[in-house]
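This briefing walks through one protein chain, topic by topic. Please keep the sequence and the 3D view open while reading.

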Amino acid sequence: MTINNQNRAAWIKLFYYVLIFLYLAVSIILIYLKVEPIYPIFGAISVFVFSIIAISLLLNLNYIIYQESEEKIILRYYPLHPFHHKFKSIEIPKKSLSHFDLNQKLFGLRPELTLYQQTDRGLAKYPSVSISSLSKSSRAKMINSLQKSTTNK
């Protein structure tokens, strides 16, 4: 089973580019037309654009690929915000997947998934992955798949 949010991720990336383009276009138009008073208008637009970017950074939106096979579970993710470009991957054999935690952060707007693997030296905890960019149905499919695969049931 494979779950990914490729379409939603593309729309999110497109939104960033359109937002920045509109911001620059409106700024240039304001300067060219010599709109008075320019500073309060430019300041209000800047606050609006930067607050949208800050909110999206807080949500920590990711492009996610979740794959479940007979032997292992693979979770690949890539941050969608424009300031981070590091692709990460978690691969866990099904027989050693101990359990997972799903924590709601930022007033429930940012669900974070944490996977745990049972190793010879003890319990290994993987970094939390924000799954806020997944749709609710994809999120539910992923959680059901993980519940079936955990050893601590």
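Pro37 sits in the loop between H1 and H2. The peptide bond that leads into Pro37 from Glu36 is cis, with omega near -10°. The model is predicted. The points below start from this loop, then move to helix H2, the aromatic rings, the nonpolar cores and Glu112.

**Backbone in the loops**

- Lys34 shares a place in the loop between H1 and H2. Its phi is positive, about 55°, although Lys34 is not a glycine.
- Lys34 is exposed, because its relative accessible area is 65% and the cut-off for exposed is over 50%.
- Leu106 lies in the loop between E5 and E6. Leu106 is not a glycine either, yet has a positive phi of about 55°.
- Leu106 counts as partly exposed, at 33% relative accessibility.
- Asn60 follows H2 and has a positive phi, near 55°.

**Helix H2**

- H2 covers residues 38–59, which is 22 residues. From first C-alpha to last, the helix reaches 32 Å, close to the 32 Å expected at 1.5 Å a residue.
- Which residues of H2 are buried? They are Ile38, Ser46, Val49, Ile53, Ser56 and Leu59.
- These buried residues cover an arc of only 165° around the axis, so they lie on the same side of H2.
- Tyr39, Pro40, Val47, Phe48 and Ile55 are exposed on the other side of H2.
- The cover over the buried residues of H2 includes helix H1 (6–33), E6 and strand E8 (129–130).

**Aromatic rings**

- The count of aromatic pairs comes to 2.
- Tyr23 and Phe42 make a stacked pair, with 6.0 Å centre to centre and 25° between the planes. The pair links distant parts of the chain: Tyr23 belongs to helix H1 and Phe42 to helix H2, 19 residues apart.
- Tyr23 and Phe50 make an edge-to-face pair, because their planes stand at 65° and the cut-off for that class is over 60 degrees. Their ring centres are 5.8 Å apart.
- This pair also links distant parts of the chain, from Tyr23 in helix H1 to Phe50 in helix H2, 27 residues apart.
- Ring pairs link Tyr23, Phe42 and Phe50 into a cluster.
- Is Tyr23 buried or exposed? Tyr23 counts as buried, because its relative accessibility is 14% and the limit is under 20%.
- Phe42 is partly exposed, with a relative accessible area of 32%. Phe50 is partly exposed too, at 49%.

**Nonpolar cores**

- In soluble globular proteins, nonpolar side chains tend to be buried together.
- The largest nonpolar core here has 18 residues. Leu75, Leu113, Leu115, Met142 and Leu146 have the most contacts inside this core.
- Which elements give two or more residues to this core? They are strands E2 (62–68), E3 (72–79), E4 (88–93), E5 (97–105) and E6 (110–119), together with helix H3 (136–149).
- Another core lies apart from the largest one. This other core has 8 residues, among them Ile12, Leu59, Tyr63 and Leu80.
- Leu59 also appears in the list of buried residues of H2.
- Leu113 has contacts that reach beyond its neighbours within four places in sequence. Its partners include Leu75, Met142 and Leu146, and these three are also among the residues with the most contacts inside the largest core.
- The other residues in contact with Leu113 are Phe100, Asp101, Leu102, Pro127, Ser128, Val129, Ile131 and Ile143.

**Glu112**

- Glu112 is found in strand E6.
- Glu112 is buried, because its relative accessible area is 10% and buried means under 20%.
- Which side chain makes a polar contact with the side chain of Glu112? The partner is Arg110, at 3.1 Å.
- Not counting residues up to four places away in sequence, Glu112 touches Asp101, Leu102, Asn103, Lys105, Ser128, Val129 and Ser130.
- Asp101, Leu102, Ser128 and Val129 are contacts of Glu112 and also of Leu113.

Technical notes
Residues are numbered from 1 along each chain as its sequence is written. This is a predicted model: local features need pLDDT of at least 70, side-chain atom pairs count only at pLDDT 80 or more; totals for chains, interfaces and linings use all residues. Side-chain values use heavy atoms; hydrogens and water are left out. A nonpolar core is a set of buried Ala, Val, Leu, Ile, Met, Phe, Trp, Tyr and Cys residues joined through side-chain atoms within 4.5 Å. Buried means under 20% relative accessible area, exposed over 50%, partly exposed in between (1.4 Å probe, protein chains only). Helices (H or I, at least four residues) and strands (E, at least two) are DSSP runs, numbered from the N terminus. Contact means heavy atoms within 4.5 Å. A polar contact is a pair of N or O atoms within 3.5 Å; within protein, one must be able to donate a hydrogen and the other to accept it, and residues adjacent in sequence count only if both atoms are side-chain atoms. The expected span of a helix is 1.5 Å times one less than its number of residues. The arc is that of the directions from the helix axis to the C-beta atoms. Rings of Phe, Tyr and Trp (its six-membered ring) pair if their centres lie within 6.5 Å; planes under 30 degrees apart count as stacked, over 60 as edge-to-face and the rest as tilted.
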